[in-house]
Amino acid sequence: TFIYPLASIRVRLVLCVVLMLLGRRACVGASKRARAFCASPAGANSPKCANRSSVMASALKYENPIVIPPASGQATASMIFLHGLGDSGDGWADVAGQLSGRMKNMRFIFPHAPRRPITLNWGMQMPGWYDIASLEDINQKEDEAGLQESMRFVEELVAKEVAAGVPAHRVVVGGFSQGGAVALLMLRAPTKLGAVLGLSTYLPLANAPVVLSDANKATPVLMCHGDADQVVAYQFGRATHSKLAQLGADVDFATYQGMGHSACGAELKDIEEFLAKHMS
């Protein structure tokens, strides 16, 4: 039985869950007041309102990712996996050991998100791939600049794998929660990827002109979601699957009964089978 190794993510997500379950009204109220001020004449020229929902790339600090070499010693495929809000690459690095038994030629890369102000966290800084203002309406006031910057960063990681000898079509991009949203964002990249994994997540910028690029229309996608998720609602995942399927994406959706905003052994087994099918 696989025991979810992410004690660290649970600790780091405590604040987010507390906000959701206990302080959501206060957080939403504060967010609304801040948005109202910035929309007013008094806030129009306030430095507090400048670039409020995103941080420029030049101000972000990216630590070197965790890189776990392939068990065989020769990488013919790679997986870049992005953690969720408040976590780090360390929270998911143990997963490589669970998957490398069958994926012996796969290199695993676990990046660390930079620290940035998070509106849901009353503007305090924490590791995040982009700002987020609401858990009820995830697509509300999306941080497009932050999302695009994270997409740029992942494209840079893909380019490094290509430079190291792994073709882009042999690179998997996956992620959990916020990280999964950025992974799904990569479906609009101009470079063909090997596969995309989205765990307990949703599609950001869903109304953009391009959600699925010509290069990635046939890229296999696996979405996994617990039906008891209290952070990223299960219906957000289902809606994402429907949207991608309507666009012609090669997407599968797996439901895990009773699972919250976490992962489980059955899910990891499905990921292993998915990778073995498409990346062996």
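**Salt bridges, sheet and cores of the predicted model**

In this predicted model, E273 has a relative accessibility of 36% and therefore counts as partly exposed. The side chain of E273 meets that of R102 in a salt bridge, with a separation of 2.6 Å from N to O. Because R102 lies in the loop between α5 (95-99) and β3, whereas E273 belongs to helix α9, the pair ties together parts of the chain that are 171 residues apart in sequence. R102 likewise counts as partly exposed, at a relative accessibility of 40%. The contact is part of a wider arrangement, in which R102, K269, E272 and E273 are linked in a network of salt bridges.

A search of the whole structure finds seven salt bridges, and two further pairs are described here. The side chains of R107 and E161 meet at 3.0 Å, again from N to O. This pair also links distant parts of the chain, since R107 is in strand β3 and E161 is in helix α6 (residues 144-163), with their positions 54 residues apart in sequence. Both partners are buried, R107 having a relative accessibility of 16% and E161 one of 9%. In the other pair, E156 forms a salt bridge with R152, the closest N and O atoms being 3.0 Å apart. E156 and R152 both lie in helix α6 and are four residues apart, or about one turn of the helix. An α-helix has 3.6 residues a turn, so residues three or four places apart point the same way. E156 is partly exposed, at a relative accessibility of 33%, and R152 is also partly exposed, with a relative accessible area of 33%.

The strands β2, β3 and β6 to β9 belong, together with β1, to an open sheet of seven strands, whose order is β1-β3-β2-β6-β7-β8-β9 and whose pairing is mixed. The edges of the sheet are formed by β1 (66-68) and β9 (250-256), and because each of these has a single partner strand, one side of each is left without a neighbour in the sheet. From one strand to the next, the twist averages 15°. Within the sheet, strand β2 (residues 77-82) and strand β6 (residues 171-176) run parallel and are joined by five bridges; I80 stands opposite V173 in β6. Helix α9 (residues 265-279), which carries E273, lies across β2, β3 (106-110), β6, β7 (195-199), β8 (220-226) and β9, and runs at about 180° to β8.

The largest nonpolar core comprises 48 residues, of which V158, V173, L184, M186 and L244 touch the most other members. Two or more residues are given to this core by each of β2, α6, β6, α7 (178-185), β8 and β9, and the greatest contribution comes from α6, with six residues. The surroundings of M186 illustrate the packing: when residues up to four places away in sequence are not counted, M186 touches M151, V154, E155, V158, V173, L193 and N216. Apart from the largest core lies another, of 30 residues, among them M106, F176, L268 and A276.

Helix α7 is mostly covered, with eight of its eight residues buried. The buried residues are Q178, G179, G180, A181, V182, A183, L184 and L185, and these pack against β2, α6, β6, β7, β8 and α8 (234-246). One of them, L184, is also among the residues that touch the most other members of the largest nonpolar core.

The structure holds zero disulfides. For C224, the closest cysteine sulfur is that of C264, and because the two sulfurs are 8.5 Å apart, against a cut-off of 2.5 Å for a disulfide, the separation is too far for a bond. The two cysteines are set in contrasting surroundings as judged by accessibility: C224 counts as buried, at 1% relative accessibility, whereas C264 counts as partly exposed, at 22%.

How values were computed
Residues numbered from 1 in each chain as written. Predicted model: local features only at pLDDT ≥ 70, side-chain atom pairs only at ≥ 80, totals over all residues. Heavy atoms only, no water. Pairing = 2+ DSSP bridges. Axes fitted to C-alpha atoms, helices over the stretch in contact; angles between N-to-C directions. Contact = heavy atoms within 4.5 Å. Buried < 20%, exposed > 50% of the residue type's maximum accessible area, 1.4 Å probe, protein only. Salt bridge = Lys/Arg side-chain N within 4 Å of Asp/Glu carboxyl O. Core = buried A, V, L, I, M, F, W, Y, C linked by side-chain atoms within 4.5 Å.
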